[in-house]
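Let's take a walk through this protein together, one piece at a time. Have the sequence and the 3D view ready.

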Amino acid sequence: MLATSLLSRSLADISPRDFARAQNNRLIHALQPAPRVRFNGDAGGSAPGKDAIRRRDREDDDSDEEGETVFAHRAGVNAITVDRFEGRYLISGGADGHISMWDLEAAEEDGQQRGGVATTHVPIDSVTRTSNTHTFGVTGLSFYPFDSLAFLSSSYDHTLKLYSSTTLTPSASFDLSSVIYSHALSPIASHLLVACATQHPAVRLVDLRSGASTHSLAGHAGAAVLSVAWSPKDEHILASGGTDGTVRFWDIRKSAGMLGVLDMEDSVGIGGYNSFGLGARSRLRGHAHAAAVNGIVWTEDGRHLVSTGHDEKVRVWDVLAGANTLASFGPMVRNRALATLLPVVTSKGTVNTGEEMLFFPNEGEILIYEMFDGKLVKRLRAVGSGQKVRGGGAAGVAKNRVTSLAWRPHNIELLSAHSDGTIRSWQPRTRIDALVDQEEQSEEDDSETEAGSHKRKRQVLDDIYRDLTQQKITFR
């Protein structure tokens with residue numbers, strides 16, 4: 001595949017952009033665990049620079065080849081997000097309410113271990129639990145959509161908070177008197193309304209300008225709302241998913257609000273020019289899933305929506321038609337947690353249109369699918385990811401699961417948060433990388449063998465010298 005792409009590029013058969021997308025597709029297929037990239041929250045906050053990344057030179061012992069386990073948040077990691085501009089800064093939120101910020105690029109390659117360089121990230125800064133911060137676990141994190149100088153966090157303590165990224169101090173707090181499962185801020189809007197999915201059966205809207213909860217969008221009758229997402233193309237269109245199994249669309253400019261729902265039985269659609277405008281028939285009844293909907297994500301072009309539910313199904317919807325595309329993701333999907341579970345779709349320009357990849361956090365592993373036909377490309381599972389979560393009681397017997405994903409498109413790197421308190425990195429490892437590592441390992445082994453041979457020869461000479469010097473000699 002690589003040789004074909006290089007030949008096509010050298011003959012100018014494909015453009016540089018298409019060549020880059022082909023390479024990105026190849027690298028996504030080559031994603032593997034990167035156990036030497038670790039996140040150590042126990043080290044505490046420190047200034048960026050040499051102290052922001054610590055590299056350790058460890059013994060070439062098989063039992064420590066993948067390094068000791070380190071934890072980003074001791075109580076478990078509930079949410080992570082990466083800034084969309086540089087892809088450099090990562091924010092993580094713990095089950096204990098702590099929030100940490102990490103610089104993913106402040107690294108120095110000054111340590112070696114068997115198979116490569118071991119990198120341990122430590123937080124630039126951390127927010128511990130105080131009277132002004134979250135008192136319970138963090139449920140969602142998101143950077144301000146127009147720059148990375150501020151971010152939002154939601155929590156089981158019923159509050160939505162706005163933080164400064166530079167000082168990690170809260171500048172505003174909104175109490176919604178209900179558990180907030182997730183929140184969303186439009187990436188294109190100027191209205192600065194934050195949509196919140198809460199235990200309340202209505203979508204709550206918070207205005208960052210006025211500092212008030214402006215109004216609610218009622219429609220998920222008698223059910224909690226678990227996920228919300230703004231359209232990336234229309235700043236007034238919002239989608240929500242709830243425990244009633246419905247995915248609903250809203251126009252926040254209208255008094256009635258709700259535009260319609262998605263129906264898993266409809267693969268034709270409601271027609272019209274844009275499914276919500278002139279010529280479109282209305283559909284106010286229907287279920288997107290046979291159980292609670294706890295994840296909805298738009299594609300960047302706004303043409304498709306991905307939904308996940310407790311019926312352990314992943315569905316892809318044609319938003320323009322309001323139709324189920326009938327993509328089948330097979331029987332391996334697992335989704336049972338009463339929490340927001342968001343899949344990740346590759347960003348625009350990463351791969352060719354129509355070849356988008358979907359990453360699904362499938363309990364103790366990550367499944368990679370081709371989004372439009374549901375074909376399983378790969379299963380990503382880290383060593384030890386199936387272990388029991390530390391602690392007593394019910395928490396002690398719960399399986400470790402993937403709680404959140406974050407994508408770095410410029411680096412072709414996937415980051416995952418886990419309930420055991422770790423953050424893991426997944427990076428491409430191609431056949432060329434494997435051959436290089438094999439050659440380096442062979443050179444190390446040869447060097448060790450040669451050193452061992454010299455040591456044995458030296459030991460033999462020392463023994464001979466010792467025998468000669470200690471031998472008793474009698475003169476007559």
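Which residue in β22 is the bridge partner of Val-297? It's Val-306, and we'll come back to that pair in a moment.

A word on ground rules. This is a predicted model, with local features needing pLDDT of at least 70 and side-chain atom pairs counting only at pLDDT 80 or more, while totals for chains, interfaces and linings use all residues. Residues are numbered from 1 along each chain as its sequence is written, and side-chain values use heavy atoms, with hydrogens and water left out.

Now the overall view. The protein chain has four helices and 31 strands; these are DSSP runs numbered from the N terminus, with helices being H or I of at least four residues and strands E of at least two. Of the 476 residues in the protein chain, 51% are buried. Here buried means under 20% relative accessible area, exposed means over 50%, and partly exposed is in between, using a 1.4 Å probe and protein chains only. The protein chain exposes about 22,800 Å², and carbon and sulfur atoms supply 50% of that area; accessible areas come from the Shrake-Rupley method with a 1.4 Å probe, and for residues only the protein chains shown count as cover. Look at contacts (heavy atoms within 4.5 Å) in the protein chain between residues at least 6 apart in sequence, and 54% of them join residues at least 24 apart.

Back to β22, then. All six of the six residues in this strand (304-309) are buried, so β22 is largely enclosed by the rest of the structure. Both of its faces are covered: His-304, Val-306 and Thr-308 are buried on one side, and Leu-305, Ser-307 and Gly-309 on the other. Strand β21 (residues 293-298) runs antiparallel to β22 and is joined to it by five bridges; two strands pair if DSSP finds at least two bridges between them. The Val-297 and Val-306 partnership belongs to β21 and β22. These two strands form a hairpin with five residues between them, and Gly-302 in the turn has a positive phi of about 75 degrees. Then there is β23 (residues 314-318), which pairs with β22 in the antiparallel sense over five bridges. In that pairing, His-304 stands opposite Asp-318. Four residues lie between β22 and β23 in their hairpin, where Glu-312 in the turn has a positive phi of about 60 degrees.

Next, find the open sheet of four strands ordered β9-β10-β11-β12, with antiparallel pairing. β9 (138-143) and β12 (170-175) stand at the edges with a single partner strand each, so one side of each is left without a neighbour in the sheet. Neighbouring strands of this sheet are turned by 15 degrees against each other on average, direction ignored; the axes behind such angles are lines fitted to C-alpha atoms, for helices over the stretch in contact, and angles run from 0 to 180 degrees between N-to-C directions. Five bridges join β11 (residues 159-164) to β12, and Lys-161 stands opposite Ser-173 in β12.

Some aromatic rings deserve a look too. Rings of Phe, Tyr and Trp (its six-membered ring) pair if their centres lie within 6.5 Å, with planes under 30 degrees apart counted as stacked, over 60 as edge-to-face and the rest as tilted. That rule gives seven aromatic pairs. In one of them, Phe-143 and Phe-151 have ring centres 6.4 Å apart and planes at 65 degrees, so the pair is edge-to-face. Phe-143 is buried at 11% relative accessibility, and Phe-151 is buried at 1%. Ring pairs link both of them with Tyr-163 into a cluster.

Our last stop is another open sheet of four strands, β13-β14-β15-β16, again with antiparallel pairing. Here β13 (180-185) and β16 (212-218) stand at the edges, each with a single partner strand. The twist averages 25 degrees from one strand to the next. β13 and β14 pair over five bridges, and Ala-184 stands opposite Ala-195 in β14. Follow the chain into the loop between β14 (193-198) and β15 (202-207) and you'll meet His-200, which is partly exposed at 38% relative accessible area. Not counting residues up to four places away in sequence, His-200 touches Ser-178, Ala-223, Ala-224 and Val-225.
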